[in-house]
Each structure stands twice: as C-alpha cells, then as structure tokens.
Amino acid sequence: TVVTRSLEREAVTDHPHHKGLWLSVDEVNEHKHWMEGQKIRTENVEILEAEGDPASFRVHNTWLDKNGEPLLNETTTVRIHGDRTIAYDVSLSPARDEA
C-alpha cells in the first residue's frame, strides 16, 4: 500500500479535506459542508466486486446539518477499472422533508 498523505488531522495543514476522491458541494440549504464545515458521517461501505475489471464498492453516507441532524442521504458507487479509469456515481436524496 502506498500512502502519500497522512489522514491524521494534525499532520495535514494545507487542505485537510483532501483525503482522496471526494465530491465538492459548498452549501446545502445554508449548511456548509465545504472543508468539513458540517459533518458527513459514513454509515457503511459495501464491497461489491473485490476482484475483476472493474472492482467496485458502494458507500452510504449521511450529511448532517449544523445541529447534527440528518440532512442528506448519499449513496456513492465507485468502479475501478484495470486501465485506471474510475467511475464515481453519486446519488443524493433528502434525509427528511423540509417544511
């Protein structure tokens, strides 16, 4: 395994939100998720295909509002091909009805 950056917050001073592939969304209903202003909680990771071309996995995240309440549900599927092509498919849906 090759790691080019530490994931420890204290070790990263320039762009702490750069931990690999990521989705860039600045604001959702006035809740700032850019640069980890509000938390995105990983619920689970599923290995869909551990070997082959493509290998794939799915991540389920919950985006939290400033009070720590669920705001968005995220499902991301990543497919990694043998030629180093990466397909990154993201689906976002509301975690609750906004009245």
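## Strand pairing and a nonpolar surface patch

Thr 75 of β5 faces Ser 91 in strand β6. The model is a predicted one, and the description below follows the pairing of its strands before turning to the surface.

Strands β5 and β6 are antiparallel and are joined by nine bridges. Together they make a hairpin with five residues between the strands, and within that turn Arg 84 adopts a positive phi of about 75 degrees.

β5 (residues 70–80) also pairs with β4 (residues 55–64); this pairing is antiparallel and comprises ten bridges. Here Thr 62 is placed opposite Asn 73 of β5. β4 and β5 likewise form a hairpin with five residues between the strands, where Gly 68 has a positive phi near 85 degrees.

The two hairpins are set out below.

| Hairpin | Residues between strands | Residue with positive phi | Phi |
|---|---|---|---|
| β4 and β5 | five residues | Gly 68 | near 85 degrees |
| β5 and β6 | five residues | Arg 84 | about 75 degrees |

On the surface, Leu 21, Leu 23, Ile 80, Ile 86, Tyr 88, Val 90 and Leu 92 make up a nonpolar patch of about 550 Å². The largest contribution comes from strand β6 (residues 86–94), which supplies four residues. Another member of the patch is Leu 21, which lies in the segment before β1 (27–28). Leu 21 counts as exposed because its relative accessibility is 57%, and the cut-off for that class is over 50%.

How values were computed:
Residues numbered from 1 in each chain as written. Predicted model: local features only at pLDDT ≥ 70, side-chain atom pairs only at ≥ 80, totals over all residues. Heavy atoms only, no water. Patch = residues over 30% accessible without salt bridge, like charges linked within 9 Å, V, L, I, M, F, W, Y side chains within 5 Å. Areas by Shrake-Rupley, 256 points an atom, 1.4 Å probe, with all protein chains shown as cover. Salt bridge = Lys/Arg side-chain N within 4 Å of Asp/Glu carboxyl O. Helix = DSSP H or I, 4+ residues; strand = E, 2+ residues; numbered from the N terminus. Buried < 20%, exposed > 50% of the residue type's maximum accessible area, 1.4 Å probe, protein only. Pairing = 2+ DSSP bridges.
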